[in-house]
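Thank you for making room on the agenda; I would like to walk through one structure this morning, starting with a helix close to the beginning of the chain and then moving on to the pockets. Please have the model open while I talk.

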Amino acid sequence: MSIEQTLNWLQNLPFPTDIRESDWLFPTIETVHVFALVLVVGSILRVDLRLLGFANRDRPFSQMAREMLPWTWTCFAIAALAGLLMFSSKAVVYFGNIPFRLKMLCLLLAALNMMVFHTFSTRQLHAWDSAVPPIQARIAGGLSLCLWTLTVAAGRWIGFTT
């Protein structure tokens, strides 16, 4: 089965059809998606600003990360589920949409950035936890801010191009 056939099959399932044809279902799911994404980006912003040395310099990074991480992952799961539901309602349209593809690329790059940061920069966390983070951690924080800003901008752009 080709990608287009799979996407057509997905969007023609009963629930995606209900989302697409309902006057209230899509906007409700979109609202949940946006609220969850705001919390995801807000929690990541706090951590990234700490990495860059612009905020919460008096708090250990590990403490801040420990407090923010559960919020980040819970809200990310909610945002992802809502996003998948919206995607399923017009899978063919979204798959071919350039802003959608840009958003997915930025999400992938943000995930890779996070994995590299946690794999390499946190190895010496004990040395910089309560001080200025090393340059690699600051670069990861700055890159994260850029990628999440692009993710939000591309997501907003989707609404104007579908």
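**A helix and what covers it**

Let me begin with helix α2, whose buried residues are covered by a set of elements that includes α1 (3–11), α3 and α4. Before I go further, I should say that this is a predicted model, and I ask you to keep that in mind throughout. Helix α2 runs over residues 14–21, and its buried residues are P16, T17 and I19. Why do these sit on the same side of α2? They do so because they cover an arc of only 160° around the axis. On the face turned away from that buried side, α2 carries the exposed residues P14 and E21.

Now let me step back to the chain as a whole. The chain holds eight helices and zero strands, so that, read along the sequence, its pattern is α-α-α-α-α-α-α-α. Along the principal axes, the C-alpha trace spans about 55 × 30 × 25 Å. Of the 162 residues, 36% count as buried, while the chain exposes about 9,700 Å², with carbon and sulfur atoms supplying 71% of that area. If we take the contacts with a separation of 6 or more, 74% of them are accounted for by residues 24 or more positions apart.

With that as background, I turn to the pockets. The largest pocket has a volume of about 730 Å³. Of the 27 residues that line this largest pocket, the closest to its centre are H33, M86, K103, G155 and I158. Which elements give two or more residues to that lining? They are α3 (25–52), α4 (61–89), α6 (98–120) and α8 (135–161). In terms of character, the lining of the largest pocket divides into 18 nonpolar, five polar and four charged residues.

The second largest pocket has a volume of about 540 Å³. It is lined by 28 residues, of which I44, L69, T72, M114 and H118 are the closest to its centre. Here α3, α4, α6 and α8 each supply at least two residues of the lining, and α4 gives the most, with nine residues. The lining of the second largest pocket divides into 18 nonpolar, eight polar and two charged residues.

One of those central residues deserves a closer look, namely T72, which has its place in helix α4. Is T72 buried or exposed? At 12% relative accessibility, T72 counts as buried, the cut-off for that label being under 20% relative accessible area. Not counting residues up to four places away in sequence, T72 touches V40, S43 and I44, and I44 is itself among the residues closest to the centre of the second largest pocket. The contact with S43 can also be read from the other end: S43 is found in helix α3, is buried with a relative accessible area of 4%, and, leaving aside its neighbours within four places in sequence, is in contact with M68 and T72.

I would like to finish with two residues outside the helices. The first topic is D129, which lies in the loop between α7 (125–128) and α8. Although it belongs to a loop, D129 is buried, with a relative accessible area of 14%. Which residues does D129 contact once its neighbours within four places in sequence are left aside? They are R50, R59, P60, F61 and S62. As for distance along the chain, D129 and R57 are 72 residues apart in sequence, and their C-alpha atoms are 9.9 Å apart in space.

The other residue is T162, found in the segment after α8. T162 counts as partly exposed, at 41% relative accessibility. With residues up to four places away in sequence not counted, T162 touches V93, Y94 and N97. Its C-alpha atom is separated by 9.3 Å from that of K90, and these two residues are 72 residues apart along the chain.

To close, I would come back to T72, as it ties several of these points together: T72 is buried, T72 is in contact with S43, and T72 is one of the residues closest to the centre of the second largest pocket.

Methods. Residues numbered from 1 in each chain as written. Predicted model: local features only at pLDDT ≥ 70, side-chain atom pairs only at ≥ 80, totals over all residues. Heavy atoms only, no water. 1 Å grid on protein atoms, 1.4 Å probe; cavity = no way out; pocket = protein on both sides within 12 Å on 5 of 7 lines; lining within 4 Å. Points joined across faces, edges and corners; volume = space filled by probe spheres on them. Helix = DSSP H or I, 4+ residues; strand = E, 2+ residues; numbered from the N terminus. Nonpolar A, V, L, I, M, F, W, Y, C, P; charged D, E, K, R; others polar. Buried < 20%, exposed > 50% of the residue type's maximum accessible area, 1.4 Å probe, protein only. Arc of directions from axis to C-beta. Contact = heavy atoms within 4.5 Å. Areas by Shrake-Rupley, 256 points an atom, 1.4 Å probe, with all protein chains shown as cover.
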